[in-house]
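Student: Please pick one part of this structure and take me through it closely. I would like a connected account rather than a list.

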Amino acid sequence: MSAKVIEGKRIAQEIREEIRQETERLKERGIVPGLAVVLVGGDPASAVYVGNKEKTCKEMGFHSEVHRLPEETTQEQLLAVVADLNRNDAVHGILVQLPLPKHIAEKAVIDAIAVEKDVDGFSPQSTGNLVIGDESLLPCTPAGIIELIRRAGVDPAGKHAVVIGRSNIVGKPVAMLLLRENATVTICHSRTENMEAIASQADILVVAIGKPKAIGRRYVKPGAIVIDVGVNRLESGKLAGDVDYDECLDVAGAITPVPGGVGPMTIAMLMQNTLKAAKRKAGV
Ligand SMILES: NC(=O)C1=CN([C@@H]2O[C@H](COP(=O)(O)OP(=O)(O)OC[C@H]3O[C@@H](n4cnc5c(N)ncnc54)[C@H](OP(=O)(O)O)[C@@H]3O)[C@@H](O)[C@H]2O)C=CC1
Ligand SMILES: Nc1nc(=O)c2c([nH]1)NC[C@@H]1CN(c3ccc(C(=O)N[C@@H](CCC(=O)O)C(=O)O)cc3)C=[N+]21
Ligand SMILES: [Mg+2]
């Protein structure tokens with residue numbers, strides 16, 4: 001038996017088309033969603049990601065601005081850019097591409113983004129809203145993961161979900177969203193003992209550790225849904241997930257590929273958050 005492949009790329013395309021159509025209608029009423037992306041320095045991977053976001057904004061019909069700042073930008077200068085964007089009425093969403101150069105404190109910069117424009121959902125206030133269950137812009141990758149699980153026909157309620165990884169941008173928020181969906185949630189990390197025994201109990205296994213193909217078939221319960229968040233560039237130039245896809249394909253019930261799984265959903269959710277922020281500001 002072979003797992004059902006969860007086609008994130010195709011699902012993201014469907015979501016983008018819905019957003020594009022809604023944007024067309026909003027524009028007739030004078031509402032143009034706007035996203036500002038800030039990139040500091042010349043990291044090649046970040047430059048590619050930012051280029052993708054810009055391209056997708058154009059495709060949606062959004063107003064899009066990219067602020068490319070030099071590596072030696074000071075924290076003060078970056079905070080001034082964010083303050084300007086907070087005041088800019090054409091901008092409904094602000095994303096500061098991570099990682100930032102080492103001389104800049106990421107936390108200070110993320111804290112400075114107005115909560116209503118925090119389309120990444122990374123700020124302390126957005127994170128607090130997520131934990132409490134208040135209306136907020138959800139972090140894109142975790143929101144995309146929930147959408148993929150739903151569209152794979154799996155209801156997390158009552159299921160055992162195991163999340164491997166506890167970063168602030170993926171592991172922790174996806175665990176919170178799964179809890180909100182009434183799953184029973186276990187979070188594993190680099191200090192977890194006996195991880196194989198825990199992971200192999202999961203009905204839903206979410207892996208976000210940044211280690212290429214680290215999770216093999218022994219971690220997967222037969223029939224489980226496996227969500228691979230990892231995006232790792234191999235020396236060959238190819239991309240690999242954190243899950244050994246080929247090895248897990250005939251154990252899992254459903255699995256996301258890399259590329260073409262979670263990654264495209266992250267961008268679709270970013271567009272959705274920008275649209276949401278624009279609608280909220282216009283009161284529609
Ligand atoms: N597709 C997408 O849209 C996105 C993909 N990513 C990708 O997801 C992956 C994870 O990203 P991110 O969350 O930022 O990563 P971080 O490096 O911030 O966090 C990694 C987490 O994994 C844990 N970990 C590392 N190694 C192991 C291990 N061998 N066993 C168990 N736990 C382990 C760490 O534990 P500890 O806390 O103990 O150190 C940590 O909590 C990366 O490949 C990244 O590129 C990230 C964001 C978006
Ligand atoms: N402020 C901020 N917000 C982020 O959301 C953010 C960030 N910084 N820094 C980096 C990580 C990483 N991330 C990805 C998004 C899409 C793909 C994606 O679309 N991947 C494609 C492949 C792309 C390729 O070919 O390289 C796929 O998996 O199919 C990957 C990774 C967002 N991040
Ligand atoms: Mg990180």
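Tutor: Gladly, and let me start with a term: domain bounds here come from an automatic or database domain assignment. By that assignment, the protein chain is divided into domain 1 (30–114) and domain 2 (140–263), and the centres of the two, taken over C-alpha atoms, are separated by 28 Å. This is a predicted model, in which local features need pLDDT of at least 70 and side-chain atom pairs count only at pLDDT 80 or more, while totals for chains, interfaces and linings use all residues. Residues are numbered from 1 along each chain as its sequence is written, with chains lettered from A and ligands numbered from 1 in the order in which they are written.

The part I have chosen is the surroundings of ligand 2. Both domain 1 and domain 2 give residues to the shell around ligand 2, so it lies between them. That shell holds 16 residues, the closest being Leu98, Val231, Pro259, Gly263 and Thr266 (a residue is near if its C-beta atom, placed from the backbone, lies within 6 Å of the molecule). The elements that give two or more residues to the shell are β4 and α10, and α10 gives the most, with four residues. Helices (H or I, at least four residues) and strands (E, at least two) are DSSP runs, numbered from the N terminus. By class, the shell has eleven nonpolar, four polar and one charged residues; Ala, Val, Leu, Ile, Met, Phe, Trp, Tyr, Cys and Pro count as nonpolar, Asp, Glu, Lys and Arg as charged, and the others, Gly among them, as polar.

Two of those closest residues take part in cis peptide bonds. Leu98 is joined to Pro99 by a cis bond with omega near 0°, and Pro99 sits in the loop between β4 (93–96) and α4 (106–112). For Pro259, the bond from Val258 is cis, with omega about -5°; Pro259 belongs to the loop between β11 (254–255) and α10 (262–282).

From α10 we can step to the largest nonpolar core. This core has 82 residues, of which Ile164, Leu205, Val206, Val226 and Ile227 touch the most other members. Its largest share, ten residues, comes from α10. Domain 1 and domain 2 both give residues to this core, so the core, too, lies between them. A nonpolar core is a set of buried Ala, Val, Leu, Ile, Met, Phe, Trp, Tyr and Cys residues joined through C-beta atoms within 7 Å. Buried means 20 or more other C-beta atoms within 10 Å of a residue's own, exposed 12 or fewer, and partly exposed in between, with C-beta atoms placed from the backbone.

Val206 shows how this looks in detail: leaving aside its neighbours within four places in sequence, it is in contact (C-beta atoms, placed from the backbone, within 7 Å) with Ile145, Ala161, Val163, Ile164, Val174, Ile227 and Val229. Val174 in that list is one of the buried residues of α7. Eight of the ten residues of α7 are buried, so this helix is largely enclosed by the rest of the structure. Its cover includes α5 (124–132), α6 (140–151), β5 (160–164), β6 and β7. After α7 comes Asn182, with a positive phi near 70°, in the loop between α7 (171–180) and β6 (184–188). Asn182 counts as partly exposed, with 13 C-beta neighbours inside 10 Å.

Methods
Two residues are in contact if their C-beta atoms, placed from the backbone, lie within 7 Å.
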